[in-house]
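Student: Please put the model up. I will ask, and you reason each answer through.

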Amino acid sequence: MSLFRILNLMILAAFAIDRALCIRFPDRIHKPDSDAPERLKTAVFALGSFWRSEAVFGCLPGVVRTTAGYAGGSKPNPEYRSLADHAESVQVEYDPRLIGFRELLDVFWSNHDPRQVYGQGPDVGNQYRSIVFCNGTEESRMAALSKEQEQTRSRSSIVTTQILQLGPFYPAEPEHQKFELKQNPFLLQLIGNLPQEELEKSTLATKLNGYVAELCPPDIQRHIDAKINDIIKKGWPILREL
Ligand code: MHO
C-alpha cells in the first residue's frame, strides 16, 4: 500500500471517529467580545428631548449603543410630527458586567428635573415627560425604590416620573439619531464620516455624541479630550476607538 493511500485511510478514519464521538474543535480561538448581542441588556428612559437623552447615557462605561425613539404611548408607528401620546425616549444597550440598571437609574435621576410638570427645561409638552420603563418586576422594584429616594430629597414638590412596564419602542427618524454629534462636522470627519446606518450602530459615535454635549462624567470627558488632541498632534486624522 502506498504511503499516499495509508495517509488517506488515516484521514478517513479520523474523520469517522470524530463524527462518531461528536468531537468538535473550535475553528478559532474565542475572543471575549463585550459587544456580543446575547450579553447585552436594554433599558429605556424618557427624560425630555431625546437629542439630549441619547447624549446623557452615551459615554458611560458599559453602554454600547443608544437609540432615540418613542415609547410609553398607544399609537402604532409614531413619527416626530405626530407622536400622539408617546414620550421622546432613549433606548440604552449596555453590558451588564460593566454597568447595571441601578447605576442607569442614578444617571437618569441626576440628569433631568423629574419634578417639572408637562415639560423639561424649555421644552413644553407631554412628549417631554419623565418615565422609567421596566423589564419585569425586579426592575420595577428598583425603579420604585429609587423614585421614593428621589422624593425624600425634598418634600416641597412631587416627583412626577411614571414607572411603566416597557411596551414597544419605536426608533426615531434618522435625523434624530446622534443629533448632538451631527452638529459637529469636525468629529464626524475624525471618525471617518460613517454612513448613517453605521453611525447609528457605532459605539464610538455613541460615546462622542455624549462628549460633544459635554454630558460625559468629567474623567471621561478629559480622557476623550486628550485622545483627540493626541490624534491631531500626530496628524493621523482617524479616531477608531477611545
Ligand atoms: N429644544 C429642542 C427640542 C427638540 S426635541 C428633539 C428644540 O430645539 O426644538 O423635541
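**Salt bridges and ligand**

Student: Buried or exposed: which is Lys234?

Tutor: Lys234 has 64% relative accessibility. Buried means under 20%, exposed over 50%, partly exposed in between (1.4 Å probe, protein chains only). So Lys234 counts as exposed.

Student: What kind of model is this?

Tutor: Residues are numbered from 1 along each chain as its sequence is written, and side-chain values use heavy atoms, without hydrogens or water. Local features need pLDDT of at least 70, side-chain atom pairs count only at pLDDT 80 or more, totals for chains, interfaces and linings use all residues, and the model is predicted.

Student: Which residue meets Lys234 in a salt bridge?

Tutor: A salt bridge puts a side-chain nitrogen of Lys or Arg within 4 Å of a carboxyl oxygen of Asp or Glu. Here the N to O distance is 3.1 Å. The partners lie four residues apart in helix α9 (residues 218–234); helices are DSSP runs (H or I) of at least four residues, numbered from the N terminus. The partner is Asp230.

Student: Which residue pairs with Glu54?

Tutor: Glu54 is buried, at 0% relative accessibility. Its closest N and O atoms across the bridge are 2.6 Å apart. The pair links distant parts of the chain, 124 residues apart. The partner is Lys178.

Student: How far is a nitrogen atom of the ligand from an N or O atom in the Asp123 side chain?

Tutor: A polar contact with the ligand is a pair of N or O atoms within 3.5 Å. For Asp123 the distance is 2.6 Å.

Definitions and conventions. A polar contact is a pair of N or O atoms within 3.5 Å; within protein, one must be able to donate a hydrogen and the other to accept it, and residues adjacent in sequence count only if both atoms are side-chain atoms. Helices (H or I, at least four residues) and strands (E, at least two) are DSSP runs, numbered from the N terminus.
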